[in-house]
Amino acid sequence: EWALSKYYGVIVDIYYKSKTNPQKLIKDFRRGMPLHKQMDYDKIVTSGDQGVLIDFDGQKHFLDLNLLTRLGCGSVTSAVYKSYQSVEVNLLRTSRDLTTYSRVYSADAIGLFLLLPEATALEQKEYKRITEVIDEHEWKLVRDGFRVVSFDSPALLAQEIYDWAKPAIQ
């Protein structure tokens, strides 16, 4: 468990440095994993490392989510922005795609994993507003059945992702 979590931590750290690029996070995650752990990777991360294309009633639709297990769907997304509006738009888009996938495929486990900016990286007023927006959305999403986790610590976020996916990979 800790070995996989440690690799998630390294990749989430790379993601944090690149700010808002989930595709880079997922690709770097795979490259950083030892061969014997890649089986777990394939059970967690979406095929092709970039969302899913679903066919619904003869029409194709792209959903931007990057975690997919036999039990549910999830997304690692960034809240590392300077404005609360950017964080809110990112939360709304991500939660909409996760909700859509979960309804179409009756997925029970929905995970939204947010990487927060460090409190010292922003002005106190900006950081407070960002966390207020996240808290408000989190309250609503939890009532809709989401598991919402937000940390500025890559290691803590990584452990939560693994814990969320673990029932589906055993």
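**Exercise 1. How does α4 pass α5, and which residues meet where they pack?**

*Solution.* Start with the handedness: α4 passes α5 in a right-handed crossing. Keep in mind that this is a predicted model.

Next, look at the geometry. The two helices, α4 and α5, pack with their axes 9 Å apart and at an angle of about 20°. That makes α4 roughly parallel to α5, because angles under 35 degrees count as roughly parallel.

Now pick out the side chains. From α4 you have Tyr84, Val87, Glu88, Leu91, Leu92 and Ser95, and they meet Arg129, Ile130, Val133, Ile134, His137 and Leu141 of α5. Sort the residues of this contact by type and you get eight nonpolar, two polar and two charged.

**Exercise 2. Take Leu92: where is it, is it buried or exposed, and how far is its C-alpha atom from that of His137?**

*Solution.* Leu92 sits in helix α4. Its relative accessible area is 44%. Buried would need under 20% and exposed over 50%, so Leu92 lands in between, as partly exposed.

Then check the distance. Leu92 and His137 are 45 residues apart along the chain, and their C-alpha atoms are separated by 8.4 Å.

**Exercise 3. Which residues of the largest nonpolar core touch the most other members, and which elements supply it?**

*Solution.* This core has 23 residues, and the ones touching the most other members are Leu65, Leu91, Leu98, Tyr101, Leu112, Ile134 and Phe146.

Trace them back to the elements. Those giving two or more residues are β1 (52-56), α4 (84-105), β5 (109-115), α5 (124-143) and β6 (146-151). The top contributor is α5, with five residues. There's also a second, separate core of 14 residues, with Ile44, Leu115, Trp164 and Ile169 among them.

Finish by zooming in on Leu65. Skip its neighbours within four places in sequence, and its contacts are Thr46, Gln50, Gly51, Val52, Cys73, Gly74, Ser75, Asp97, Leu98 and Tyr101. For background, nonpolar side chains tend to be buried together in soluble globular proteins.

**Exercise 4. Where is Val76, is it buried or exposed, and how far in space is it from Leu112?**

*Solution.* Find Val76 in strand β4, residues 72-78. With a relative accessible area of 3%, Val76 is buried. Now go over to Leu112: it is 36 residues from Val76 in sequence, and the C-alpha to C-alpha distance is 6.3 Å.

**Exercise 5. What is phi for Asp57 and for Ser106, and where do these residues sit?**

*Solution.* First the rule of thumb: most residues other than glycine have a negative phi.

Asp57 has a positive phi, near 55°. You'll find Asp57 in the loop between β1 and β2 (59-63), and its 69% relative accessibility counts as exposed.

Ser106 also has a positive phi, near 50°. Its loop lies between α4 and β5. At 58% relative accessibility, Ser106 counts as exposed.

**Exercise 6. How many helices and strands does the chain have, and in what order do its elements run?**

*Solution.* Count six helices and six strands. Reading from the N terminus, the order is α-α-α-β-β-β-β-α-β-α-β-α.

To round off the chain, add two overall values. Of its 170 residues, 47% are buried. Among contacts with a separation of 6 or more, 63% are between residues 24 or more positions apart.

Key: Residues numbered from 1 in each chain as written. Predicted model: local features only at pLDDT ≥ 70, side-chain atom pairs only at ≥ 80, totals over all residues. Heavy atoms only, no water. Core = buried A, V, L, I, M, F, W, Y, C linked by side-chain atoms within 4.5 Å. Buried < 20%, exposed > 50% of the residue type's maximum accessible area, 1.4 Å probe, protein only. Helix = DSSP H or I, 4+ residues; strand = E, 2+ residues; numbered from the N terminus. Contact = heavy atoms within 4.5 Å. Axes fitted to C-alpha atoms, helices over the stretch in contact; angles between N-to-C directions. Parallel < 35°, antiparallel > 145°, perpendicular 65-115°, else oblique. Left-handed = near helix turned anticlockwise from the far one by under 90°. Nonpolar A, V, L, I, M, F, W, Y, C, P; charged D, E, K, R; others polar.
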